[in-house]
Amino acid sequence: MRETSNSFSKQNSQQPKQFRGGEKKVMKKSLLASVLSLSLGMSLAVPAFAATPTDVAGVKEQSAIEELVALGIINGYTDGTFKPGNSITRAELAKIIVIATGSEQAATALQNVKSQFSDVKTNEWYTGYINVATGKGLLLGDKGTKNFRPNANIKFEEVAAIVVRALGYQDSNLTGSWPYNVTLKAEEVGVFKKVDLALGTAATRGVVAQQISNALGTDLVQWIADSKVYSSTGKKLISRLGTTTEEVVTSAVLDDNGRLSLNGLSKTLAPNFIITGGVKLVDLLAHNVTVLADTDGRIRAITDNQNENNVVTGTLNADFNNAPQVEVKNGTAVTKYNTVGNSVYYFNSDSVAGTDSNLKKDADVSVYLYDNNSTNVSAGVVGKVRAVVVSKANGADKLLDSYVAATASAKARILTQDNLSVSLNDSTSIVLNGEAKAATDLAKNDVLDIVYNKDRVAVKVVATRNVVEGKVTLVSTSVDGTFVYTIDGKTYTSVKGANANLTGSKEVTKDGTFKLFLNKDGKVAGAELLSGGSSDAKYGVILNAENKVSPSGAFGDNKDVFKYYSIKDNKNYEVSLNELTWIGGTDVNKAVQTTIRLGDAVDASPFTGATTAFDNSAAAFVTWTLKNSDASINGIKEITPLTQVWEVKEKKDTTLKVTNTTTSASVTFEINANTVVLDASTYDKATAGDRKVETSTLANLAVGNRVTVIPDGTSTFAKYVLITKKSATDAKETKYGLYVGAAKTGDDYSITINVKGTEETLALTGTEGAAIYNSIVTSVSAGNSTYNKDSRTLIEVKDSVIAGAAGNLAEASTAYDTVNVYAATNALTNVNNTDSTVTVNGVVYYVNSSTAIYVYDEANDTLVTDGIFADVTAHLGEATSKYGIAIVGDASYGNFTLAKAIVVVKKK
């Protein structure tokens, strides 16, 4: 399990204490710190490193090791490593435990004193440490011999015994036989927190670091002979390291001068200040802490020393409003605690007055009570409220969009998909699935509960990464407005109020394959479409209609017959409706007027329902009314005429911008894999039989297309897009890839390219194809390398459409007619990792998941056909003698040019 740094010099987060339940809770915590040296005989005066060792990041014991480094008395190896998996000797552990118990000066004094053990030489680096450790009974020599075995590896259970003895326990006063008595006691007092038990094995440096760190936050004890029990001294082992005091944390953030508020006073921090125990400052707000200071009075470390029995957690049972009592609810139980005049209050880490409106019913609360000590007894406040800490996620069930690292001028921040932006600092506590994590561990679509203060700085971020993936077989709506989705027979309910994340372009549809992002309660906070679901049966395109068709054997009355294209089935059908559905006639000016009665009660007399105009000279989008019993069509709900009024001006991965050619007004719609694209370019053919609709793809939505967009209700999501006129760019899909070869078969020509590792052969048109083929032959004959498969040449193969008379667009051709070559001779001049853009020859290209990236290594003659963005950006600043770039793009991506394909050539 990874544990992140708790140093103030790093952006990180530690596991906060989460006390659940009401009443007074016992919170098992190892309140950690350490003075540790695993020096392997090296001097303690100058540590080999002053920051996280290079091989510690991500290891289980990272936090413990970092704490010890920050205290300035831990040594690693001169190469900057710690080697946490290496074994440790008895002499090394003697040094560790002596320093940890504050006896290093004594070890120095005994450096030249002869040891009682024959194998411990005088004036060795370890002599004084062994003399002190054995003199205190922390380490023992071999029974029956006069040997200590300083260079022998020490075992796991021996470390446990030594640590337990350092806390004041004696083997003889522990129940059971050795080593079970010491290991059981070590487990009981928390020495094995974050440690895997491994009795009988050699202890590792990392395990020793963790055990010592755990122990230094543990109570020292003394043996009471009369009652034969151990009693706490009221001090932690960390108190042996120097001057310590007991104080209260009164602010969750450092002030503008980087000082810490303790007992309401600002205290200066030592350069390597550390919060021990793998927690954040916000987790210690209102806690009693042990404060370790240096000789200049600066704070070296603080360790949680909060009496667990004096913390009550739950929710506020009522708005507080400076009431004489705080009511804490847990389940159905409510307990009241008396406040006093100097009780203090916090909301989302900000200090507030008792009258603050945020101290409201149902908010999470931790109540800290005065300890039972002589001072509090005299003041008469024992058991009364010292502090009330209220927190509420003012950003609940948010889907993460991205993490933005700090810059010289801006704080680090996280952005959510609904545009909430909050800053992070070194005190921000980040938890992912119950484990302490760094902000960089968060990923897009994590579901966040964000607690932030009045300055919009995140105090705590609780993230959940719980993803369900599969085909949605049923979608229903509950009475409270939440959605219920069924995947693999199991139902998932949406978060109440999360409908904005689950409608429009984010709608979860039946038969679609989705990822559902669940919050900490297992409810759906958002979704990602993987493949589109089936279209609703109620949508289609009317291709032709006949009014008052005479009866046949199928029915006895006249019917209005509509021939239509079913979007759901991708087929043409006929449906016969009541003859009063389509009303023909003329208006007062004797102009032909045709009207559709809407609904399924078109024969009502008088008819009072809605109507809409219907022109059978062109196809129209239709929404049918369906019978409840069998979902068959029994009327028309809405008709939308197909037109060429709207023109596509811009298409991106998730948006489609269209402009009204009459008014110049523009609308931007959301699009995704649930958007159904239909080719209806023959919708206005004079002969009804020539009108047809075919399925198309988002890739065919080209700039210049004329379209009719059918949105999803009142949202901006384009549910259906019907192409009513093709643009010059709407020919065969342009292909980008590496040249492989060209061929001629009779009068047919073709070119083969490598597209992301797959060879595709593309037919070329007759005249243009012959010209292309002949130019390739000429180039090859001349010895040019452009059309050599091994040259990895990037080419673009296009199908152009020539404008006809009066600028009308001709039909797209049936083959490709243009080949463009892009040489890998360009240099990379700029990279923007935030925007995912690169600049080549002054053009800014946007690189996304659709961009094909090829990397060719000339020296090794290797080709990668599935390269990533980093393969391109890695060459920024390199001399052009070492690399070259070929790039081709599509200029229809807003401020950027979409990079369709990139070739990076690493030169010999």
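Glu759 is partly exposed, with a relative accessible area of 47%, in what is a predicted model. Its salt-bridge partner is Lys789, the N to O distance being 3.7 Å. Because Glu759 belongs to strand S44 (residues 758–764) while Lys789 sits in the loop between H9 and S45, the pair ties together parts that are 30 residues apart in sequence. Lys789 is likewise partly exposed, at a relative accessible area of 41%.

**Salt bridges**

The count of salt bridges comes to 22. Side chains of opposite charge can pair when their charged atoms come close. Three of the pairs are set out below, with the distance between N and O atoms and the relative accessible area of each partner.

| Acidic residue | Basic residue | N to O distance |
|---|---|---|
| Asp171 (22%, partly exposed) | Arg165 (13%, buried) | 2.7 Å |
| Asp294 (19%, buried) | Arg298 (30%, partly exposed) | 3.0 Å |
| Glu759 (47%, partly exposed) | Lys789 (41%, partly exposed) | 3.7 Å |

Asp294 counts as buried because its 19% relative accessibility falls under the 20% limit, whereas Arg298, at 30%, is partly exposed. Through salt bridges that share partners, Asp294, Asp296 and Arg298 are joined into one network.

**An open antiparallel sheet**

Five strands form an open sheet with antiparallel pairing, in the order S24-S23-S22-S25-S26. Strand S24 (490–493) and strand S26 (524–531) stand at the edges, and since each has a single partner strand, one side of each is left without a neighbour in the sheet. On average, and with direction ignored, neighbouring strands of this sheet are turned by 45° against each other. The edge strand S26 runs antiparallel to S25 (residues 513–518), to which six bridges join it, and within this part of the sheet Leu516 stands opposite Ala527 of S26.

**Backbone features in loops**

Two cis peptide bonds precede proline residues. One joins Trp178 and Pro179, with omega at about 10°, and Pro179 is found in the loop between helix H5 (156–166) and H6. The other joins Ser605 and Pro606, with omega at about 0°, where Pro606 is placed in the loop between strand S31 (595–597) and strand S32 (611–613).

Positive phi values in residues other than glycine occur at Asn433, near 50°, and at Arg792, near 55°. Asn433 is in the loop between strand S18 (429–432) and strand S19 (435–436), and with 45% relative accessibility it counts as partly exposed. Arg792, in the loop between helix H9 (766–781) and strand S45 (794–798), is by contrast buried, with a relative accessible area of 16%.

**A buried threonine and a nonpolar patch**

Thr81 occupies the loop between helix H1 (62–70) and helix H2 (90–100), where it is buried at a relative accessible area of 12%. The side chain of Thr81 makes polar contacts with the side chain of Asp79, at 2.6 Å, and with the side chain of Lys83, at 2.8 Å.

At the surface, Tyr180, Leu184, Leu197 and Leu199 make a nonpolar patch of about 410 Å². Of these residues, Leu184 has its place in helix H6 (residues 180–189) and is exposed, with a relative accessible area of 53%.

How values were computed:
Residues numbered from 1 in each chain as written. Predicted model: local features only at pLDDT ≥ 70, side-chain atom pairs only at ≥ 80, totals over all residues. Heavy atoms only, no water. Patch = residues over 30% accessible without salt bridge, like charges linked within 9 Å, V, L, I, M, F, W, Y side chains within 5 Å. Areas by Shrake-Rupley, 256 points an atom, 1.4 Å probe, with all protein chains shown as cover. Salt bridge = Lys/Arg side-chain N within 4 Å of Asp/Glu carboxyl O. Helix = DSSP H or I, 4+ residues; strand = E, 2+ residues; numbered from the N terminus. Buried < 20%, exposed > 50% of the residue type's maximum accessible area, 1.4 Å probe, protein only. Pairing = 2+ DSSP bridges. Axes fitted to C-alpha atoms, helices over the stretch in contact; angles between N-to-C directions. Polar contact = N/O pair within 3.5 Å; in protein donor to acceptor, adjacent residues only side chain to side chain.
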